[in-house]
Amino acid sequence: MLQNIRIVLVETSHTGNMGSVARAMKTMGLTNLWLVNPLVKPDSQAIALAAGASDVIGDARIVDSLDEALSGCSLVVGTSARSRTLPWPMLDPRECGVKSVEEAQHAPVALVFGRERVGLTNDELQKCHYHVAIPANPEYSSLNLAMAVQVISYEVRMAALAAAEQTAPEPGDETPYPLVDDLERFYGHLEQVLLGTGFIRANHPGQVMNKLRRLFTRARPESQELNILRGILSSMEEGNKGKPQNQK
């Protein structure tokens, strides 16, 4: 189950941090490391600081974009150390561990960590279902990348150990959530329909799509519910065929 949990590092700039992250992961039983467009590739320093977790570095997947790293995942949690203009559903580290373990039993989960200096961008955070913030000392909240990964990985391990002691769920009890790929297709379809009806304008979309993303992220539609929403959008497209676009 822990193999289904990806630790995703975005544009890491120091290879030593990659090695330290690998060590933090392996001590907690996590080995699935993804590197998104790293500014430097793993090298001997990464191997040295991995301290016995060089296999995690050697098996790391290196991809060009965050979308590639999230492909196939049903749950994405992004780390954020500060409040954002558009608030997003939040988890604390313990809740993050529990939710990650629950979903990793059925589909891949991505835990996303940003750049050493500036973290994740707003656009990257909007690709996540939840944000997680580590409640560090407000007078000195300086956590480096490996420390942050260690804290979250520890909570994942504690949740996994607790889950192992519980009775396995009956087949069919789990709630099937759509993968990230399906959600992105839905958002693209939604935007296309709203442009077609004139509800939003291509040159002046404003914050409508961002707020709709937040709405559906908060609602967390299941796979069947997402199919219903896609069907509604398709019926709207059919109904609007041949009608002039609304002018505002």
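The following questions and answers concern a predicted model, taking its sheet, its helices and its cores in turn.

Visitor: In what order do the seven strands of the open sheet stand?
Guide: The model is predicted, and within it seven strands form one open sheet whose pairing is parallel. β3 (61–63) and β5 (90–91) each have a single partner strand, so one side of each is left without a neighbour in the sheet and they stand at its edges. Read from one of these edges to the other, the order is β3-β2-β1-β6-β4-β7-β5.

Visitor: Which residue in β7 is the bridge partner of Val 77?
Guide: Strand β4, residues 75–79, pairs with strand β7, residues 130–132, in the parallel sense and over three bridges. For Val 77, the bridge partner in β7 is Tyr 130.

Visitor: What angle does the direction of α7 make with that of β6?
Guide: Helix α1 (residues 15–27) packs on the sheet, where it touches β1 (5–10) and β2 (32–36), and its direction makes about 155° with that of β2. Helix α7 also packs on the sheet, touching β1, β6 (109–113) and β7. The direction of α7 makes an angle with that of β6 of about 155°.

Visitor: Are α5 and α7 roughly parallel or oblique to each other?
Guide: The axes of α7 and of helix α5 (residues 93–104) come within 8 Å and cross at roughly 50°, in a crossing that is right-handed. Among the residues that meet there are Cys 96, Gly 97 and Ser 100 in α5, and Ile 152, Val 156 and Ala 159 in α7. Angles under 35 degrees count as roughly parallel, and α5 and α7 are therefore oblique.

Visitor: Which helix gives the most to the largest nonpolar core?
Guide: The largest nonpolar core has 37 residues, and those with the most contacts inside it include Ile 7, Leu 111, Phe 113 and Val 149. Apart from it lies another core, of 16 residues, among them Val 36, Ala 110, Leu 120 and Leu 125. To the core of 37 residues, the most is given, with eight residues, by helix α7 (residues 145–165).

Visitor: Is His 189 buried or exposed?
Guide: His 189 has its place in helix α8, residues 180–197. Leaving aside residues up to four places away in sequence, His 189 touches Arg 230, Leu 233, Ser 234 and Glu 237. Because buried means under 20% relative accessible area, and the relative accessible area of His 189 is 9%, this residue is buried.

Technical notes
Residues numbered from 1 in each chain as written. Predicted model: local features only at pLDDT ≥ 70, side-chain atom pairs only at ≥ 80, totals over all residues. Heavy atoms only, no water. Core = buried A, V, L, I, M, F, W, Y, C linked by side-chain atoms within 4.5 Å. Buried < 20%, exposed > 50% of the residue type's maximum accessible area, 1.4 Å probe, protein only. Helix = DSSP H or I, 4+ residues; strand = E, 2+ residues; numbered from the N terminus. Pairing = 2+ DSSP bridges. Contact = heavy atoms within 4.5 Å. Axes fitted to C-alpha atoms, helices over the stretch in contact; angles between N-to-C directions. Parallel < 35°, antiparallel > 145°, perpendicular 65-115°, else oblique. Left-handed = near helix turned anticlockwise from the far one by under 90°.
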